[in-house]
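Me: I'm new to this one. Can you walk me through it?
Reply: Sure, here it is.

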Amino acid sequence: MMITLLKGTLVTLALTISALGLGLILAFFITYGLNSPNIILKKLLYAFINFIRGVPLLVQFFLTYYGLAEFEWVRESSLWIVLESPSICATLILAMNSSAYSAILMQMIVQNIPKGEIEACQILHLSHFIMMREVILKRMLTSFWTIYPNEIAAILKCTALASTITLMELTGAARQVMAKSYQISETLLITAALYLLVALILINGFKILHCYFSKI
Amino acid sequence: MLNLIIEYAPAFLTGILETLAIAIVALIEGLLIGISLTTCSAYSHSMHLIVRCFSNVIIFLPELFILFLIYFAGTEIISAFLHQTVEINAFMASTFTLALVFGCYAYKIFYSNFINMPGGEKEAAKILGLSEKYIWRKILLPSIFQKSLPGLGNLWLILLKETSIVSLIGATELLSRIQFIIVHTQQPFIFYSITAILYFTLSNLSENGLKRLVKI
């Protein structure tokens, strides 16, 4: 029983970390796109964010995992490698969710950067790249990292839904154990403790890393 | 394609109504839980610690997992206490789960507004010679509630999306109705897309409604 649950914990941990990492990279691109002068790109990105925010995660999972498999041409295309395996599919969907929510936060911070700083950069004839890197990105990240633990907890909670597309993460493992052993309350209590442990590890791990890197 | 959609339109409608029913019942229960947690926490320091621990545990656990905990383990534990088999039905378990999560987040909002309450209002009311009960009922509680309204609006949007998970324990709502239809028609993509659109419209409509409510 414990072995199945521990395996599930590892899957949950791996899923959360990979989704967060991929989501973070995507979020930077989305935020960059939201601040670009291209109106069509902006509208598309806002549509993407609104779609992610408005549609339940469970429906997103079902739509991509079961819905797309209906078509013959999807199953024959090279896209099928991604859609076939529940772990890659779940990671991608979670990463998209994480990126949309992170991008909203980043965009809010970027909009609140005082205009004077950007004007000062322009007067100093700093190049666009240096302004982005030294002023906007730095300012954004210092505020962003303080609210990032909430995002970690949110994505960790979302991973539970991956059990519905046959991925054996912690909730899925708990269901399996319950079906086999009929020890319902014990299994669920152990699983709850494991979830709290994972949350503690991830959030405190992030805080330690953040402290370490901000000192350099 | 269109024939199928028109044929199953009544099922969509009942699904939407059921989803709204679950969400509204959960909202009312959740507000009650939130208010009682805040009252407990304002009562004494030790109670505040207990309530804070409890709400943090609930916030870090996935909703799907809490649903299983209440539906499966809840039945077992209550049966063991009463020495007879008690069945918690799926509707009760799902509304209570959603309410519990909603209540814990609502508690955080209420409590932060309660702590940050301006002292001037209370003093002014006291100088006017109003009784303690009157001050609480007519001045402090309405102001706390009004300040909490935007936060509660966001929680409502989250709650509306979270109702989709209750289909996993067999409660009937929009998603489970759609799944029945998919078993009949074998066309998952189109029907899951319709579900996504329906949820999207629901949350957008309530977002617009909330914006108006907050402005008043």
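Me: How many helices and how many strands are there in chain A?
Reply: Chain A has ten helices and zero strands. Helices (H or I, at least four residues) and strands (E, at least two) are DSSP runs, numbered from the N terminus. One caution: this is a predicted model, where local features need pLDDT of at least 70, side-chain atom pairs count only at pLDDT 80 or more, and totals for chains, interfaces and linings use all residues. Residues are numbered from 1 along each chain as its sequence is written, while chains are lettered from A and ligands numbered from 1 in the order in which they are written.

Me: And how many helices does chain B have?
Reply: Nine helices, and zero strands.

Me: What does the model score?
Reply: Its ipTM is 0.88 and its pTM is 0.90. Chain B has an average pLDDT of 89, with 100% of the residues at 70 or above. pLDDT is the predictor's confidence in each residue, from 0 to 100.

Me: What box do the C-alpha atoms of chain A fill?
Reply: Roughly 70 × 45 × 25 Å, along the principal axes. For chain B the C-alpha trace spans about 70 × 50 × 25 Å.

Me: What percentage of chain A counts as buried?
Reply: 32% of its 216 residues. In chain B, buried residues make up 36% of 216. Buried means 20 or more other C-beta atoms within 10 Å of a residue's own; exposed means 12 or fewer, and partly exposed is in between, with C-beta atoms placed from the backbone.

Me: Which residues touch the most other members of the largest nonpolar core?
Reply: L67(B), F102(B) and L159(B), out of 95 residues in that core. Helix α5 of chain B, residues 90-115, gives the largest share of this core, 14 residues. A nonpolar core is a set of buried Ala, Val, Leu, Ile, Met, Phe, Trp, Tyr and Cys residues joined through C-beta atoms within 7 Å.

Me: What is L67(B) in contact with, leaving aside neighbours within four places in sequence?
Reply: A93(B), S94(B), T97(B), I165(B), V166(B) and I169(B). Two residues are in contact if their C-beta atoms, placed from the backbone, lie within 7 Å.

Me: Now the two chains. How many residues of chain A are in contact with chain B?
Reply: 28 residues of chain A, and they meet 29 residues of chain B. On chain A's side, α10(A) supplies the largest share, eight residues. That side divides into 20 nonpolar, six polar and two charged residues. Here Ala, Val, Leu, Ile, Met, Phe, Trp, Tyr, Cys and Pro count as nonpolar, Asp, Glu, Lys and Arg as charged, and the others, Gly among them, as polar.

Me: At what angle do α1(A) and α10(A) pack?
Reply: About 35°, with their axes 11 Å apart. Axes are lines fitted to C-alpha atoms, for helices over the stretch in contact, and angles run from 0 to 180 degrees between N-to-C directions.

Me: Which residues of α1(A) meet α10(A)?
Reply: L5(A), T9(A), T12(A), L13(A) and T16(A). Their partners in α10(A) are I190(A), T191(A), L194(A), V198(A) and L202(A). By class, this contact has six nonpolar, four polar and no charged residues.

Me: How many residues of helix α6 of chain B are buried?
Reply: Zero of its nine residues, 119-127, so α6(B) lies largely in the open. Just after α6(B), G129(B) has a positive phi of about 80°.

Me: And how many are buried in helix α7 of chain A?
Reply: Zero of nine again, so to speak: α7(A), residues 115-123, is hardly covered. H125(A), just after α7(A), takes a positive phi of about 55°.

Me: Where is H83(B)?
Reply: In the loop between α4 and α5 of chain B. Its phi is near 55°, positive in a residue other than glycine.

Me: Why does H83(B) count as exposed?
Reply: Because H83(B) has 6 C-beta neighbours inside 10 Å.

Me: Last one. Where is Q186(B) found?
Reply: In the loop between α8 and α9 of chain B. Q186(B) has a positive phi too, near 60°. Q186(B) counts as exposed because it has 8 C-beta neighbours inside 10 Å.
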